[in-house]
Amino acid sequence: MSSKVHSSNSIAHARRTVQQLRIEASIERIKVSKASADLMNYCSEHARNDPLLMGIPTSDNPFKDKKTCTIL
Amino acid sequence: MAAEKAEMDVLKKECDGLRTQIEAARKAVNDGNMTSAAGSATEVGRVQLKLRKSLKGHLAKIYSMHWSSDSRSMISASQDGKLLVWDTHTGNKLVAVPLKSAWVMSVAFAPSGNLVASGGLDNMCTVSNIKAASPKTLRELDAHTGYLSCCRFLSDTEILTASGDTTCCLWDLETGKQKIIFTNHIGDCMSLALSMDENTFVSGACDSLAKLWDLREGTCKQTFSGHTSDINAIQFFPNGNAFVTGSDDCSCKMYDLRSDQEVITYQDGSLNAGVTSVSLSNSGRLVFAGYDDFNCHIWDSLKGEKVGVLSGHDNRVSCTGVPADGMGVCTGSWDSFLKLWN
């Protein structure tokens with residue numbers, strides 16, 4: 001009795017695995033060279049808007065501690 | 001019995017056939033890797049970010065942090081049993097949310113800034129309203145049978161969770177009930193990242209696989225292999241067509257969705273520590289990866305070279321995050337401090 005339940009669970013599991021693999025096998029794939037080129041283009045197009053790449057002028061730096069001036 | 005065995009054999013044969021087919025299809029488009037393509041990209045040079053603030057307040061290991069969409073507030077979670085909301089411009093603490101369970105592993109800010117979510121070894125995701133006079137628990141999402149490793153809001157009414165029970169789940173915050181359960185991983189889910197259009201998300205798990213899911217249909221659309229140990233962290237590349245993972249195998253990888261495979265690995269012989277967290281700068285060019293070696297190493301995402309390091313923590317870097325305006329990077333550590341760099 002229990003072995004029958006076990007094997008029908010295994011079959012159900014195997015069927016789900018086949019179903020999942022069919023989904024994954026059916027997609028269209030683009031060439032890695034094209035994917036890489038697109039990623040490179042994105043980086044170069046957005047580089048000027050990347051503060052961590054371009055640097056942040058002190059006056060515009062939100063995290064820099066603002067030191068008060070002391071008049072001696 | 002014989003009939004069942006026969007069916008199993010047929011199914012197994014079909015599985016093997018499909019796997020071979022997928023590998024062949026991936027190989028067919030694998031006409032070169034990113035490193036060679038990036039030969040023509042300009043050098044990034046040495047990236048030297050300075051420590052701008054050390055946020056002191058937690059009394060135990062920090063496990064998670066998340067930026068608010070205003071790029072100014074940030075929330076952190078520590079196993080001292082508290083969530084702290086910080087004003088990162090002044091370094092002040094804005095709100096403290098006491099937790100029922102101190103064993104927190106993940107924290108998230110809703111895009112609206114009104115709600116926060118957290119959870120961990122209590123297997124629950126607790127959603128609180130931090131705009132009330134004092135933080136008020138709105139919902140306790142209780143259905144996972146394993147720890148909560150990651151949570152991300154889609155809006156004030158929907159949240160996605162990842163769990164040690166190997167599933168991810170989409171919840172309706174108005175009813176407090178599960179809407180969709182995403183099952184396919186065979187190891188603890190450790191991390192998830194939502195796509196910009198909120199139609200899909202990616203998850204990383206202890207089965208060393210990353211998966212792409214259709215958020216509305218609940219189906220797994222693609223599976224990405226390559227790592228040889230638990231994937232602890234996952235983030236989308238800003239163009240939405242690729243994502244970066246960080247793993248206990250001491251490497252990070254970038255996978256492209258449309259090629260259905262890994263396009264570059266970020267690893268170094270001298271780096272023998274697991275990766276706990278990853279985040280990207282706004283252009284996607286820099287990858288900030290937190291490691292068990294107490295540092296956050298900076299990688300050139302295109303050339304695959306290490307271009308900098310954020311040193312200063314006295315224990316494992318457990319979380320990193322770049323705010324929406326890209327103006328800095330925050331690292332959180334088991335040393336109980338959060339540091340802001342730019």
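**Figure 1. Chain A on its own.** Chain A exposes an accessible surface of about 5,000 Å², and carbon and sulfur atoms own 56% of that. Keep in mind throughout that this is a predicted model. The fold of the chain is quick to describe: three helices and zero strands, so to speak an α-α-α run when read along the sequence. Of the 72 residues in chain A, 35% are buried.

**Figure 2. Where chain A meets chain B.** Here we look at the contact between the two chains, with 42 residues coming from chain A and 65 residues from chain B. The size of an interface is often quoted as the accessible area lost when the parts come together. For chain A and chain B that buried area is about 4,600 Å², with carbon and sulfur atoms giving 66% of it. On the polar side of the ledger, 15 residue pairs are in polar contact between chain A and chain B, counting pairs with both residues at pLDDT 80 or more. Three elements of chain A give two or more residues each to the side that touches chain B: α1 (2-25), α2 (32-46) and α3 (51-54). The largest share, 14 residues, is from α1(A). Sorted by class, the side of chain A that touches chain B holds 21 nonpolar, nine polar and twelve charged residues.

**Figure 3. Salt bridges across the chains.** Side chains of opposite charge can pair when their charged atoms come close. Between chain A and chain B there are four salt bridges, out of a count of 16 over all chains. One to zoom in on is A:R15 with B:E7, whose side chains meet at 2.6 Å, N to O. Another is B:D260 with A:R29, where the closest N and O atoms are 2.9 Å apart. That second pair crosses between chains from loop to loop: B:D260 sits between β20 and β21 of chain B, and A:R29 between α1 and α2 of chain A. Both partners count as buried, B:D260 at 2% relative accessibility and A:R29 at 14%. The pair also belongs to a bigger picture, a salt-bridge network that links A:R29, B:E23, B:R26 and B:D260.

**Figure 4. Two residues with positive phi.** Most residues other than glycine have a negative phi. B:D260, the aspartate from the previous view, goes the other way, with a positive phi of about 60°. The loop that holds B:D260 runs between β20 (252-256) and β21 (261-266) of chain B. B:S336 is another non-glycine with a positive phi, this time near 80°. Look for B:S336 in the loop between β27 (329-333) and β28 (338-341) of chain B. B:S336 is buried as well, with a relative accessible area of 13%.

**Figure 5. Salt bridges inside chain B.** Two pairs are worth a close-up here. In one, B:R72 and B:D87 form a salt bridge with the closest N and O atoms 2.8 Å apart. B:R72 is in the loop between β2 (62-67) and β3 (73-78), B:D87 is in strand β4 (residues 82-87), and the two are 15 residues apart. B:R72 counts as partly exposed at 34% relative accessibility, whereas B:D87 counts as buried at 10%. In the other, the side chains of B:D300 and B:R285 meet at 2.7 Å, N to O. Here strand β24 (residues 296-300) supplies B:D300, and the loop between β22 (275-280) and β23 (286-291) supplies B:R285. B:D300 is buried at 0% relative accessibility, and B:R285 is buried with a relative accessible area of 6%.

**Figure 6. The surroundings of B:T161.** B:T161 sits in strand β11 (residues 158-163) of chain B and is buried, with a relative accessible area of 0%. Its side chain is joined to that of B:H144 by a polar contact of 2.8 Å. Leaving aside neighbours within four places in sequence, the residues in contact with B:T161 include B:C125, B:C150, B:C151, B:C168, B:C169 and B:W171.

**Figure 7. The surroundings of B:S318.** B:S318 lies in strand β26 (residues 317-321) of chain B. This serine is buried, at a relative accessible area of 12%. The side chain of B:S318 reaches the backbone oxygen of B:I62 at 2.5 Å. Beyond neighbours within four places in sequence, B:S318 is in contact with several residues, among them B:Y63, B:T276, B:G332 and B:W334.

Methods. Residues numbered from 1 in each chain as written. Chains lettered and ligands numbered in written order. Predicted model: local features only at pLDDT ≥ 70, side-chain atom pairs only at ≥ 80, totals over all residues. Heavy atoms only, no water. Helix = DSSP H or I, 4+ residues; strand = E, 2+ residues; numbered from the N terminus. Buried < 20%, exposed > 50% of the residue type's maximum accessible area, 1.4 Å probe, protein only. Polar contact = N/O pair within 3.5 Å; in protein donor to acceptor, adjacent residues only side chain to side chain. Contact = heavy atoms within 4.5 Å. Areas by Shrake-Rupley, 256 points an atom, 1.4 Å probe, with all protein chains shown as cover. Buried area = accessible area lost by both parts, 1.4 Å probe. Nonpolar A, V, L, I, M, F, W, Y, C, P; charged D, E, K, R; others polar.
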